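Let's walk through this one together, going from a single helix out to the sheet. Pull up the model and follow along.

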Amino acid sequence: MSRTEAKRRAGVGTARPRHLIASLLALVTAMTATACTTTAEDRPRIVVTTNILGDVTREIVGGEADVTVLMKPNADPHSFGLSAVQAAELEQADLVVYNGLGLEENVLRHVDAARESGVATFAVGEAAGPLTFHTADDGGPEGEEGQPDPHFWTDPDRMHKVVGLIADQVIEHVKSVDPGMIRANADRYAKQLSDLTSWMEKSFGQVPADHRSLVTNHHVFGYLADRFGFEVIGAVIPSGTTLASPSSSDMRSLTQAMEKAGVRTVFADSSQPKRLAEVLRTEMGGGVRVVELHSESLTAKGAGADTYLRMMRANTTAMVTGLTGT
């Protein structure tokens, strides 16, 4: 047999084997790509409305599911809205986690639509043991007496409870997650929350009893006041939402309450315009200090309050400084 004939029979030096190998490689590549795409599409999805709850949910879920947060950093939860794409994401989720109690005023109808389409939803605020707003005479928002206060996250002990509740919901409704991993993540984060509470207690211990009066941009710190022994004597916007506006009589009542209590510090959320707090400074003839907090929204990454834990520590430090003058 000639050398050429031997090569031909062995398939060496011919084009067919090369074409066959190339075709097989292309087929394997295509199958791999298809498998990856299917896996990505099949991954469980959790959608969270506010960025504070979004951060907490991510800590609990870890890599067990994709977590989409609708509210952008530095946004106002009372006024942010959704795009058509974001609204569609709600209806495609395995679980929707939202604050509730009227907080996400422009988003709740989309959450309702997702629930009606069969998506599991969890209203965290309703399960957190909500407090109610005090009467106007008690420094609470006028017209909202007896209504539940949605700002439960200002009490880290309630967030400790919330972590376990969210973990329960994830395990129940997101079928492909590892329950053991979810529980381990939740336990780890709960320990961090316990450490946060201890640190806040120690920090607020520096504030004398006669300096424990709070004035805020709107009524957002009822839970913190209840947990750590402060008194909320009023707010520039006499409401639990930033969408309300104060009247001239509201401003007079607040300035009188501040003068009576000897309060010269106003805490204003960084996600809201501080113009009204500045107006209050003018009303009282100067000498009023406006301290910026991150009470309702996380910041962008690296901006000082980009996680719930960092936000609470930053706010505590700012409040202690603002109330003690140190």
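Which exposed residues sit on the face of helix 5 turned away from its buried side? They are Arg 109 and Glu 116. Keep in mind that you're looking at a predicted model.

Now flip to the other side of helix 5, which spans residues 108-116. Here His 110, Val 111 and Ala 114 are buried, meaning that each has under 20% relative accessible area. These three end up on the same side of helix 5 because they cover an arc of only 100° around the axis. As for what covers the buried residues of helix 5, the list includes helix 4 (84-91), strand 3 (95-98) and strand 4 (120-123). Step just past the end of helix 5 and you meet Gly 118, with a positive phi of about 105°.

Two of those covering elements, strand 3 and strand 4, lead us into the sheet. It's an open sheet of four strands, ordered 2-1-3-4, and the pairing is parallel. Strand 2 (66-69) and strand 4 form the edges, each pairing on one side only. Going from one strand to the next, the twist averages 20°.

Zoom in on the pairing of strand 3 with strand 4: the two run parallel and are joined by four bridges. If you want a spot to look at, find Tyr 98, which stands opposite Ala 123 in strand 4.

One more helix rounds out the tour. Helix 3 (residues 51-61) lies across strand 1 (45-48), strand 2 and strand 3. Relative to strand 2, helix 3 runs at about 175°.

Notes
Residues numbered from 1 in each chain as written. Predicted model: local features only at pLDDT ≥ 70, side-chain atom pairs only at ≥ 80, totals over all residues. Heavy atoms only, no water. Buried < 20%, exposed > 50% of the residue type's maximum accessible area, 1.4 Å probe, protein only. Arc of directions from axis to C-beta. Contact = heavy atoms within 4.5 Å. Pairing = 2+ DSSP bridges. Axes fitted to C-alpha atoms, helices over the stretch in contact; angles between N-to-C directions.
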